[in-house]
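Reader: I am in my first year of study and should like to look closely at one part of this model. Would you please choose a strand, describe what lies beside it, and then lead me outward from there?

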Amino acid sequence: MYLSLRQLQIFSAIAEAGTTTAAGEAIGLSQSAVSAALSELENLLGLALFDRIGRRLVLNGHGQALLPEARTLLAGMADIERRFRTTDELRAPVHWRVGASTTIGNYLMPARIAGLQQRNAQARVDLVIGNTREVVAAVQRLEVDIGLIEGPCHAPGLEVAAWQQDELLVVFGEGHRRAAELRAGVDMAQLRRARWLLREPGSGTREAAEQALLPHLHGFAEVLQLGGTEAIKQGAVAGLGLACLSRHAVADLVALGRLHVLATPLPPLRRQLWVVRHPGKRVPASLRQLLALPPDVLA
């Protein structure tokens, strides 16, 4: 047998009322149920908690020591019920762990998290950022409640759904040795001869760039691999090569004039962003609200 909050509630009621009959009336139990619960509690602790004086029960030293601790636990239980018992799930306390690949985590999720907390001050979101492969692995290990990735999910056993579209831009920086020429745009032959700045294998940004560019370029003449989107952006600014990145990722430096969108003969470049869930995880209303997921997606 284990100590229960119900036993502590009955103990506290007896301490306040002075008899098992009065305590039962106060909490809606029969006198026999109250007496049985008190006996179970005292047997469990191996201590008498009251002195029996006539028909009254008076706290002894052990009972006086237990009462404040019991009241603290009962107050904590009441606070939990008050905060979590709600008919509006979107207002309930919540703590989500969201895995997101680099571009999504750095450029899309912060504003969404801020919006959720404006609607629900009791909402907390831990954002775990990695490349697509790392996020998928975290979903598989149940380390996050949901994953958002930029490349296709190749892992078996996970539920994957389309999330939103992301526009890709080819950009160059002021430091490029041919910046003046690039401002006028390039042809396909120039794109094929260019040096490209790419993420590491396993990155959704790398896979998206390859899927968008390789059908037209049929290969890269030269690749400089950099280990993060910010490194690629700064590399492009410094003139190390061309980059193919999300519009969200380059918007700041384009606005500052440090990166420029390259006019090319390529068709509009877009990629699909994906949401990934472990089958053992549900997607409650507040998490759907955070990600703007329709009711039929990952239902």
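Author:
**Strand β9 and its surroundings**

Strand β6 (residues 159-173) runs antiparallel to strand β9, and four bridges join the two. Please bear in mind throughout that this is a predicted model. Within the pairing of β6 and β9, Val-170 has Cys-244 of β9 as its bridge partner. Strand β7 (residues 195-198) also pairs with β9, here in the parallel sense and over two bridges. Trp-196 is matched in that pairing with Leu-242 of β9. What, then, is the setting of β9 itself, which spans residues 242-246? Five of its five residues are buried, so the strand is largely enclosed by the rest of the structure.

Val-170 leads to a further residue, since one of the contacts of His-260 is with Val-170. His-260 belongs to strand β10 (residues 259-261). Its relative accessibility is 17%, and a residue counts as buried under 20%, so His-260 is classed as buried. Apart from neighbours within four places in sequence, His-260 is in contact with Val-170, Val-171, Phe-172, Glu-174 and Arg-183. The side chain of His-260 also reaches the backbone oxygen of Gly-257, at a distance of 3.4 Å.

A second strand to examine is β5, made of residues 146-149. Are its two faces covered or uncovered? Both are covered: Ile-146 and Leu-148 are buried on one side, and Gly-147 and Ile-149 are buried on the other. Strand β3 (residues 94-101) runs parallel to β5 and is joined to it by three bridges. Strand β11 (residues 269-277) is likewise joined to β5 by three bridges, but these two strands run antiparallel. Gly-147 can be followed through both pairings: Gly-99 stands opposite it in one, and Val-276 of β11 stands opposite it in the other.

Next in our path is Val-275, which has its place in strand β11. Its relative accessibility is 0%, so it counts as buried. The C-alpha atoms of Val-275 and Ile-149 are separated by 6.4 Å, whereas along the chain these residues are 126 residues apart. Which residues does Val-275 touch, if those up to four places away in sequence are not counted? From β5 it meets Ile-146, Gly-147 and Leu-148. From β6 it meets Glu-159, Val-160, Ala-161, Ala-162 and Trp-163. The list also includes Leu-291, Leu-293 and Leu-298.

Beyond β11, Arg-282 lies in the loop that leads from β11 to α12. With a relative accessible area of 58%, Arg-282 is exposed. Its C-alpha atom and that of Asp-145 are separated by 8.3 Å, although the two residues are 137 residues apart along the chain.

Two residues deserve attention for their backbone angles. Most residues other than glycine have a negative phi. Leu-142, however, has a positive phi near 60 degrees. This residue is situated in the loop between α6 (132-140) and β5. Leu-142 has a relative accessible area of 44%, so it is partly exposed. Ala-292 also has a positive phi, of about 55 degrees, although it is not a glycine. Ala-292 is found in the segment after α12 (285-291). At 52% relative accessibility, Ala-292 counts as exposed.

Strands β1 and β2 offer a hairpin to study. Strand β1 (residues 50-53) pairs with β2 in the antiparallel sense over four bridges. Two residues lie between these strands, and Gly-54 in the turn has a positive phi of about 65 degrees. In the pairing, Arg-52 stands opposite Leu-57 of β2. Which face of β2 (residues 56-59) is covered, and which is uncovered? Leu-57 and Leu-59 form the covered face, while Arg-56 and Val-58 form the uncovered one.

Finally, we may turn from strands to a pair of helices. Helix α2 (residues 20-27) and helix α3 (residues 31-45) have axes that come within 8 Å and cross at roughly 105 degrees. That angle is why α2 is described as roughly perpendicular to α3. On the α2 side, the contact is made by Thr-20, Thr-21, Ala-23 and Gly-24; on the α3 side, Gln-31, Val-34 and Ser-35 take part. The residues of this contact of α2 with α3 divide into two nonpolar, five polar and no charged.

Conventions. Residues numbered from 1 in each chain as written. Predicted model: local features only at pLDDT ≥ 70, side-chain atom pairs only at ≥ 80, totals over all residues. Heavy atoms only, no water. Buried < 20%, exposed > 50% of the residue type's maximum accessible area, 1.4 Å probe, protein only. Pairing = 2+ DSSP bridges. Axes fitted to C-alpha atoms, helices over the stretch in contact; angles between N-to-C directions. Parallel < 35°, antiparallel > 145°, perpendicular 65-115°, else oblique. Contact = heavy atoms within 4.5 Å. Nonpolar A, V, L, I, M, F, W, Y, C, P; charged D, E, K, R; others polar. Polar contact = N/O pair within 3.5 Å; in protein donor to acceptor, adjacent residues only side chain to side chain.
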